[in-house]
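Trainee: Could you take me through this structure term by term? I want to see what stands behind each word.

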Protein chains: 2
Amino acid sequence: MTKQRALILRLIRESKRHMTADEIYQLAKAEMPGIALATVYNNLIHLSEIGEIKKLTFRDRTDRYDKSSIPHIHLVCDVCGKVCDHPSEGLQQEMEQRLGFPIHEYELAIHYTCENCQ
Amino acid sequence: MTKQRALILRLIRESKRHMTADEIYQLAKAEMPGIALATVYNNLIHLSEIGEIKKLTFRDRTDRYDKSSIPHIHLVCDVCGKVCDHPSEGLQQEMEQRLGFPIHEYELAIHYTCENCQ
DNA sequence: CACTTTTTTTAGAATAATTCTAAAAAATAA
DNA sequence: TTATTTTTTAGAATTATTCTAAAAAAAGTG
């Protein structure tokens, strides 16, 4: 566990958002000016592999990173683009019943207009 | 409706797969050797805008195109990577009841191990 | 049809996110 | 400590996609 890796993990855990690699890099640079973008990418891959964080892919084709690997619904506002989390207790079992076979995981993005943008 | 546009639309409608822009370009070139990759991209954007096809984004960060704009579930095999369609009657209403507000659309990718890969 | 206007196509350049490379630095193990 | 492994770094490379500007094609008009 290097200083860089600890910083990146902390930034993701402290964030309420779903940041892109570049957003994480910008925050990291503020605390550790010499950090390299490649280090951020390396660690995002590593942290995803060990299950500490979760890589998400949305329609804008930039990967975003989520502190929670617990499955949940992503609410995407089609006006402002903001992504919120929504709990989804029991959804995986419901899906398995509907389909009739076991599943590994699911990704559910729901597009709507958020309260601010109504 | 140009010859190029008609060809691209036909290729997507005839395919059972979810092709990337480049895969569509390769097929198109076989029938119309002079066609440009940019033409494929232009038409994929145009056909998506008018609702003839649907742009999908999966975890490998390449856009894929689906002949059906009727919402449905995508089953992704984590072993071979193949993507199948699965009908999902009533799922949107179920989601709206669960959430308590209207939604525009949803994207649901379910990861599993397909029959061939069991 | 002839002519004008709009849309589309084309080739290639530009962009942007991500990955790769190879050497230096840091961390870990013995 | 010394050796070994892992990580970091800067910058180059890659890849999917978008942009640009001129030529071609299609659509609209009298």
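What follows is a talk about domains, their interface, the two copies and the DNA.

Mentor: Ground rules come before that. This is a predicted model: local features need pLDDT of at least 70, side-chain atom pairs count only at pLDDT 80 or more, and totals for chains, interfaces and linings use all residues. Residues are numbered from 1 along each chain as its sequence is written, chains are lettered from A and ligands numbered from 1 in the order in which they are written, and side-chain values use heavy atoms, without hydrogens and water.

Trainee: How do you know where the domains of chain A lie?

Mentor: The bounds come from an automatic or database domain assignment. Domain 1 of chain A is 3-66 and domain 2 is 73-112. Their C-alpha centres are 23 Å apart.

Trainee: What makes residues of domain 1 and domain 2 of chain A count as in contact?

Mentor: Heavy atoms within 4.5 Å. Here 6 residues of domain 1 of chain A are in contact with 7 residues of domain 2 of chain A.

Trainee: How much area do domain 1 and domain 2 of chain A bury between them?

Mentor: About 550 Å², with 56% of it on carbon and sulfur atoms. Buried area is the accessible area (1.4 Å probe) that two parts lose on being put together, summed over both. On the side of domain 1 of chain A, A:His18, A:Phe58 and A:Arg59 lose the most, together 67% of what that side buries.

Trainee: Why is the meeting of A:Lys54 and A:Glu105 called a salt bridge?

Mentor: The rule asks for a side-chain nitrogen of Lys or Arg within 4 Å of a carboxyl oxygen of Asp or Glu. The side chains of A:Lys54 and A:Glu105 meet at 3.5 Å, N to O, so the pair fits the rule. Across the interface of domain 1 and domain 2 of chain A, the rule finds 1 salt bridge.

Trainee: What makes the relation of chain B to chain A that of a two-fold axis?

Mentor: A turn of 180° and a shift of 0.0 Å along the axis lay chain B on chain A, with an RMSD of 0.2 Å. That is why the relation is that of a two-fold axis. The fit is by least squares on the C-alpha atoms of residues with pLDDT of at least 70 in both. In chain B, B:Leu108 comes closest to the rotation axis, at 2.3 Å (C-alpha).

Trainee: Which residues come nearest to DNA strand D?

Mentor: A:Thr2, A:Arg5, A:Thr39, B:Tyr41 and B:Asp63, of the 20 residues around DNA strand D. Near means that a heavy atom of the residue lies within 4 Å.
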